[in-house]
Amino acid sequence: MDYISTRGGAPALDFAGATLAGLASDGGLYVPREWPRFTEGEIAGMAGLPYAALAARVMQPFVGDCLTPERLLELTTQAYGRFAHKAVTPLKQLDEQHWLLELFHGPTLAFKDVALQLLGLLFEEFLSRGGDPLTIVGATSGDTGSAAIDAVAGRARIEIFMLHPKGRVSDVQRRQMTTVLAPNVHNIAIEGTFDDAQAMVKRMFADRAMTDRFAIGAVNSINWARLMAQVVYYFAAALQLGAPHRKVAFAVPTGNFGDVFAGYVAAQMGLPIERLIVATNVNDILHRALTTGDYSAGTVTPTAAPSMDIQVSSNFERLLFDVGGRDGAALAAQMAGFEANRTMQLTNAQRQGAAALFSSARADANDMAQAIRWAFDASGELLDPHTAIGLHAARAATIPRDVPVVTLATAHPAKFRDAVERATGQRPSLPARIGDLFEREERLVDLPGDYDSIANYVASHAVARG
Ligand SMILES: *Cc1c(COP(=O)(O)O)cnc(C)c1O
């Protein structure tokens, strides 16, 4: 399988190349040249596989010749062996129609571990074959940073620089990053918002002075391998609920559109998905785009669900490319317009293509708190704020009664204890596996929110090519 850029102006790469590259050199995102498709019989044959084996089966077509099936299975077994639940991503029933897919049993308590634990191993595997040492530069609104740092801490030939918006991540999130003292981990708190941090990272990918000296890689969801790993749990959940003989709907707390795009990929691969429900908080650019075709960035409003406090959703570009006829030149022009004006209109093809599978809903603080209380009353489950927004959208959607609706539970409630306590009066306790987080030493640097300070810092601490 090879990978092409959504903007049509970068060389095609194989899976290993796309994994190490992150963003394409033309500013686009890598997507597979075509979607692999499983037959109904092949999907039925996946029922009952352990998670690691299912992961290897679902991902093999994307990996192509870059890993043998045996090696891929070794890597998935190692990655998912670190999860605290045997099912890796267990399903819980809330009522007759609604289910939770718990994606937070990894080391840092958010769904990002599912992809990043594997990505860390893929980096190490491909870097051991030669080439330049990797400089990972990322921006986080909280969860990506800790999951990425856990996945690459101490690994050979990788330095990681993680930017987070100072004071805008929870104490648990910050400490999960800053208490990792491995010498290849560099935490940077910047003045500004997540979007400011992300814009600086994007600029670094396009900065020839940096990319000529350093092999800069990505761990955010512009990295194709992350989305690929997330496709697996859509299969895992749907198989348990009767796929391929029965359709399933998913509600997904959405920020950068990575997680829900993985659901779209699962559907392209043949998984019978009734509907993908995009749940946003008041930072609702995606809800507006999907309902009116107007993709216009506003300013970010901080909420209790900070991983969704995003106005520009990188992975939406992948959907626009695919449903818009896979025309890289046209999409490059459309995105250039967006980058200049922070607004664009979806084409009719894009709107209709998206509407065929996606619907959306927006939740404010009150909707979120109500969803937390509803789940607690209905089943005794404590939800984190992101998951609660997903559940709000799930319950607001019109889905036939006989179709199960699975809400992706993207974070452990203990990661956002204050918000959960405000809504329910219950304070979730930290799982034992991260229990001494508040006693550990922290290490980070504070930098102003300007590009040159960041670039200088990275340049003086990273390992150059060659
Ligand atoms: C990252 C994150 C999201 C948003 O996922 P995207 O792939 O960016 O859409 C939702 N909830 C939690 C807890 C997250 O960490």
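This dialogue works through how to read the ligand site and several single residues in a predicted model.

Student: What should I keep in mind about the source before reading any value?

Tutor: The model is predicted, so local features need pLDDT of at least 70 and side-chain atom pairs count only at pLDDT 80 or more, whereas totals for chains, interfaces and linings use all residues. Residues are numbered from 1 along each chain as its sequence is written, and side-chain values use heavy atoms, with hydrogens and water left out.

Student: How many residues surround the ligand, and which are the closest?

Tutor: A residue is near a molecule if one of its heavy atoms lies within 4 Å of it. Here 14 residues surround the ligand, and the closest are K112, D143, G255, N256 and D259.

Student: What is the make-up of that shell by class?

Tutor: The classes are fixed by residue type: Ala, Val, Leu, Ile, Met, Phe, Trp, Tyr, Cys and Pro count as nonpolar, Asp, Glu, Lys and Arg as charged, and the others, Gly among them, as polar. By that scheme the shell around the ligand holds four nonpolar, seven polar and three charged residues.

Student: Which N or O atoms of the protein lie at short listed distances from ligand oxygen atoms?

Tutor: The term to know is the polar contact, a pair of N or O atoms within 3.5 Å; within protein, one must be able to donate a hydrogen and the other to accept it, and residues adjacent in sequence count only if both atoms are side-chain atoms. For K112 it is a side-chain N or O atom that lies 2.5 Å from an oxygen atom of the ligand, while N256 places a backbone N or O atom 2.7 Å from a ligand oxygen, and D259 places a backbone N or O atom 2.9 Å from a ligand oxygen. The ligand on its own has 390 Å² of accessible area, of which the protein covers 97%; such areas come from the Shrake-Rupley method with a 1.4 Å probe, and for residues only the protein chains shown count as cover.

Student: Where does the ligand sit?

Tutor: On a 1 Å grid over the protein atoms alone, a cavity is a set of points where a 1.4 Å probe fits but cannot get out, and a molecule sits in one if more than half of its atoms lie within 2 Å of its grid points. By this test the ligand sits in the largest cavity.

Student: Is S25 buried or exposed, and where is S25 placed?

Tutor: Buried means under 20% relative accessible area, exposed over 50%, and partly exposed in between, with a 1.4 Å probe and protein chains only. S25 counts as exposed because its relative accessibility is 65%, and its place is in the loop between α1 (15–21) and β3 (30–32); these elements are DSSP runs numbered from the N terminus, helices being H or I of at least four residues and strands E of at least two.

Student: Is N315 buried or exposed, and which side chain does the side chain of N315 contact?

Tutor: N315 counts as buried because its relative accessibility is 0%, and its side chain makes a polar contact of 2.8 Å with the side chain of S221. N315 belongs to the loop between β12 (294–296) and α13 (316–323).

Student: Which backbone angles deserve a look?

Tutor: The peptide bond from A243 to P244 is cis, with omega near 5°, and P244 lies in the loop between α10 (224–240) and β10. L109, a residue other than glycine, has a positive phi near 70°; L109 is in the loop between β5 (98–102) and α5 (112–127), and counts as buried because its relative accessible area is 0%. R157, also other than glycine, has a positive phi near 70°; R157 is in the loop between α6 (143–152) and β7 (158–165), and at 36% relative accessibility R157 counts as partly exposed.

Student: How do I read sequence separation against distance in space?

Tutor: Compare the two numbers for a pair of C-alpha atoms: R7 and A330 are 323 residues apart along the chain, yet their C-alpha atoms are separated by 7.9 Å. R7 is in the loop between β1 (2–5) and β2 (13–14), and is buried, with a relative accessible area of 12%.

Technical notes
On a 1 Å grid over the protein atoms alone, a cavity is a set of points where a 1.4 Å probe fits but cannot get out, and a pocket is an open set with protein on both sides within 12 Å along at least five of seven lines; lining residues have an atom within 4 Å of a point.
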